[in-house]
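User: I've got a structure up on my screen and want to know how the labels on it were earned. Can you walk me through the reasoning?
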Amino acid sequence: MQLINKYFSLTDQQKQQFAALDALYRDWNSKINVISRKDIDHLYEHHVLHSLAIAELIRFKPGTSIMDLGTGGGFPGIPLAIMFPETKFHLVDSIGKKIRVCEEVCKALELKNVTTQWCRAEEVKQQFHFVVSRAVMPLPDLVKIIRKSICKEQFNGLPNGLICLKGGELEQEAKPFGKAAQITSLTEYFEEPFFETKKLVYLPL
């Protein structure tokens, strides 16, 4: 929790919700493995703060709609839903038990701005202002799937599009998009060594 407080100024309710994540994920992880066993001790750094890198790039306006594609246990969607209570998040994953964990965590946190869907990305019919994701597939494949999911209506500081968290070398993946793909090293936001190889990619669509 100290890590989150270090970088973000939070309301009392947000502090309580973020603080509750540790016990909730430990409990659910003991039943359904959504976070690797060795990683659960680094929940706030490797998962929560990592997800919140997106909040450093853009402050979503109230009423923005966002799909979290391949959400797994709810990252980056759940930390972002706590951070932006007036923004709507739709968490999508093809693995039913992971969606169940998301639903139960959201219920325990009383998050009213999250919906979930157990399906493949191609089956999602709605449109959104942004799609967020953590390293689910190479960028060109991801763009092919989600292009139809981005709506035309614009009202945020950045044009609608894809925001994803990835690691390693991304030059080849981003090449087809030229200068449109903006890649930011997370060391620009966070000083912890974990973030040295982590990147955030924003692509207007």
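Analyst: Sure, here are the labels one by one, bearing in mind that this is a predicted model.

User: Let's start with the cysteines. How do you know that C151 is not in a disulfide?
Analyst: A disulfide needs two cysteine sulfur atoms within 2.5 Å. The closest cysteine sulfur to that of C151 belongs to C119 and sits 18 Å away, so the pair is too far apart for a bond. C164 is in no disulfide either, the nearest cysteine sulfur being that of C151, at 18 Å. Searching the whole structure turns up zero disulfides.

User: Why are C151 and C164 called buried?
Analyst: The label goes to residues under 20% relative accessible area. C151 comes in at 14%, so it counts as buried. C164 has 1%, so it counts as buried too.

User: What makes T116 partly exposed?
Analyst: Partly exposed covers the range between the buried cut-off of 20% and the exposed cut-off of 50%. T116 has a relative accessible area of 23%, so partly exposed is the label. You'll find T116 in strand 3, and its C-alpha is 14 Å from that of S133, 17 residues apart along the chain.

User: And how do you know that L200 is buried?
Analyst: Its relative accessibility is 0%, so L200 counts as buried. L200 belongs to strand 7, residues 198-204. Its C-alpha lies 9.3 Å from that of R134, although 66 residues separate the two along the chain.

User: Why do you say that strand 1 and strand 2 pair?
Analyst: Pairing takes at least two bridges between the strands. Strand 1 (residues 65-69) and strand 2 share five, in the parallel sense, so by that rule they pair. I66, for instance, stands opposite F89 in strand 2. Between these strands the chain passes through helix 4 (residues 77-83), and this β-α-β crossover is right-handed.

User: What makes strand 2 and strand 3 a pair?
Analyst: Again, there are five bridges in the parallel sense, with strand 3 covering residues 114-118. That clears the minimum of two, so the strands pair. H90 has T115 in strand 3 as its bridge partner. The chain gets from strand 2 to strand 3 by way of helix 5 (residues 96-109), in another β-α-β crossover that is right-handed.

User: Why call strand 2 mostly covered?
Analyst: Five of the six residues in strand 2 (residues 88-93) are buried.

User: What makes E110 stand out in its phi?
Analyst: Most residues other than glycine have a negative phi. E110 is not a glycine, yet its phi is positive, about 60°. E110 sits in the loop between helix 5 and strand 3. With a relative accessible area of 58%, over the 50% cut-off, E110 is exposed.

User: What is the peptide bond between F75 and P76 called, and what is its omega?
Analyst: It's a cis peptide bond, with omega at about 10°. Most peptide bonds are trans. P76 lies in the loop between strand 1 and helix 4.

User: Last one: how many residues line the largest pocket, and which lie nearest its centre?
Analyst: The lining has 21 residues, and G70, T71, G72, D93 and V136 lie nearest the centre. By class, ten are nonpolar, six polar and five charged. The space in this pocket comes to about 350 Å³.

Note on methods. Residues numbered from 1 in each chain as written. Predicted model: local features only at pLDDT ≥ 70, side-chain atom pairs only at ≥ 80, totals over all residues. Heavy atoms only, no water. Buried < 20%, exposed > 50% of the residue type's maximum accessible area, 1.4 Å probe, protein only. Helix = DSSP H or I, 4+ residues; strand = E, 2+ residues; numbered from the N terminus. Right-handed = clockwise from strand over helix to strand, strands pointing away. 1 Å grid on protein atoms, 1.4 Å probe; cavity = no way out; pocket = protein on both sides within 12 Å on 5 of 7 lines; lining within 4 Å. Points joined across faces, edges and corners; volume = space filled by probe spheres on them. Nonpolar A, V, L, I, M, F, W, Y, C, P; charged D, E, K, R; others polar.
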